[in-house]
Amino acid sequence: MNHAPQIRKAEITGPFQTTIEWSTGETFVTDLRSTIGPKREGDPFIALHDPAIFAQAQIDDWGDGLSWPGGLDLGADLLYSLGRQQAGLPTREDFTAWMERNRLSLSQAAQAIGMTRRMIAYYKSGARPITKTVWLACIGYESLQHEAA
């Protein structure tokens with residue numbers, strides 16, 4: 001897989017909640033309450049506070065997001081990141097922040113955790129999910145750097 005994860009299947013499983021199966025083989029139960037936000041007059045997402053409308057979620061063409069009547073949609077990249085975050089797994093944003101905190105280029109990050117530059121690029125772009133093992137290597141690297149300082 002050399003592109004961002006795509007939605008394979010989505011099911012509304014509760015108020016503001018969906019279970020999404022991803023092209024990565026992962027499945028996350030994702031709560032969208034914080035993303036949709038509170039009811040605010042004039043906010044287009046106010047319609048999603050109605051359970052009947054929220055239940056009408058459809059997968060966009062090519063699995064690039066979820067859409068609702070009235071042109072409301074949420075992109076797959078946001079949904080995937082939110083699902084991983086809520087599952088306690090690292091996101092591409094976490095990985096990018098780790099690289100920035102440690103001032104690492106793609107090549108330096110690869111060398112730091114014993115990976116290829118290509119895999120680091122995949123993790124940074126979100127094209128591949130960051131495994132717990134890789135994330136633990138990142139944490140270990142950072143911990144050793146702080147000890148050395």
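Which residue stands opposite Ile-59 in strand 5? The legends below take up that pairing and several other close-ups of this predicted model.

**View 1. Strand 4 meets strand 5.**
Here Leu-66 is the residue of strand 5 that stands opposite Ile-59. Strand 4 and strand 5 run antiparallel and are joined by two bridges. Step back a little and an open sheet of three strands comes into view, with the order 4-5-6 and antiparallel pairing. Strand 4 (58–59) and strand 6 are its edge strands, each pairing on one side only. As a reminder for reading this view, strands of a sheet pair through backbone hydrogen bonds, either parallel or antiparallel.

**View 2. The whole chain, for orientation.**
Seven helices and six strands make up the secondary structure of the protein. Followed along the sequence, they give the pattern β-β-β-α-α-β-β-β-α-α-α-α-α. The protein is divided into domain 1, covering 7–87, and domain 2, covering 92–148. Between the C-alpha centres of domain 1 and domain 2 there are 29 Å. Along the principal axes, the C-alpha atoms fill a box of roughly 55 × 30 × 20 Å. Of the 149 residues, 38% are buried. The accessible surface comes to about 8500 Å², and carbon and sulfur atoms hold 51% of that area. Among contacts with a separation of 6 or more, 47% link residues 24 or more positions apart.

**View 3. The hairpin of strand 1 and strand 2.**
Strand 1 (residues 7–14) and strand 2 (residues 17–22) run antiparallel, with six bridges joining them. Together they form a hairpin that has two residues between its strands. Look for Gly-14, which stands opposite Gln-17 in strand 2. Phe-16 sits in the loop between strand 1 and strand 2, and its phi is near 60°, a positive value in a residue other than glycine. With a relative accessible area of 13%, Phe-16 is buried, because buried means under 20%.

**View 4. Trp-62 in the loop between strand 4 and strand 5.**
This close-up makes a friendly companion to the one before. Trp-62 lies in the loop between strand 4 and strand 5. Although Trp-62 is not a glycine, it has a positive phi of about 65°. For context, most residues other than glycine have a negative phi. Is Trp-62 buried or exposed? At 70% relative accessibility, Trp-62 counts as exposed, since the cut-off for that class is over 50%.

**View 5. The largest nonpolar core, with Ile-7 among its members.**
Nineteen is the number to keep in mind here: the largest nonpolar core has 19 residues, and those with the most contacts inside it are Ile-7, Trp-22, Leu-32, Trp-68 and Leu-79. Strand 2, strand 5 (65–68), strand 6 (72–75) and helix 3 (76–86) each supply at least two residues of this core. Helix 3 gives the most, with four residues. Leaving aside neighbours within four places in sequence, the contacts of Ile-7 include Ile-20, Trp-22, Ile-59, Leu-66, Ala-76 and Leu-79. A second, separate core has 18 residues, including Leu-106, Ile-113, Ala-127 and Tyr-141. As background, nonpolar side chains tend to be buried together in soluble globular proteins.

**View 6. Helix 5 and its buried face.**
Leu-106, Ala-109, Ala-110 and Ile-113 are the residues to pick out, as they are buried in helix 5. Seen down the axis of helix 5, the buried residues fall within an arc of 100°, so they line one face of the helix. They pack against helix 4, helix 6 and helix 7. Just after helix 5 comes Gly-114, which takes a positive phi of about 70°.

**View 7. Helix 6 and what covers it.**
In helix 6 (residues 117–125), the residues Met-119, Ile-120, Tyr-122 and Tyr-123 are buried. Why do the buried residues of helix 6 line one face of the helix? Seen down the axis of helix 6, they fall within an arc of 160°, so one face holds them. Their cover includes helix 4 (92–101), helix 5 (106–113) and helix 7 (132–148). Gly-126, just after helix 6, takes a positive phi of about 90°.

Methods
Residues are numbered from 1 along each chain as its sequence is written. This is a predicted model: local features need pLDDT of at least 70, side-chain atom pairs count only at pLDDT 80 or more; totals for chains, interfaces and linings use all residues. Side-chain values use heavy atoms; hydrogens and water are left out. Two strands pair if DSSP finds at least two bridges between them. Domain bounds come from an automatic or database domain assignment. A nonpolar core is a set of buried Ala, Val, Leu, Ile, Met, Phe, Trp, Tyr and Cys residues joined through side-chain atoms within 4.5 Å. Buried means under 20% relative accessible area, exposed over 50%, partly exposed in between (1.4 Å probe, protein chains only). Contact means heavy atoms within 4.5 Å. Accessible areas come from the Shrake-Rupley method with a 1.4 Å probe; for residues, only the protein chains shown count as cover. The arc is that of the directions from the helix axis to the C-beta atoms.
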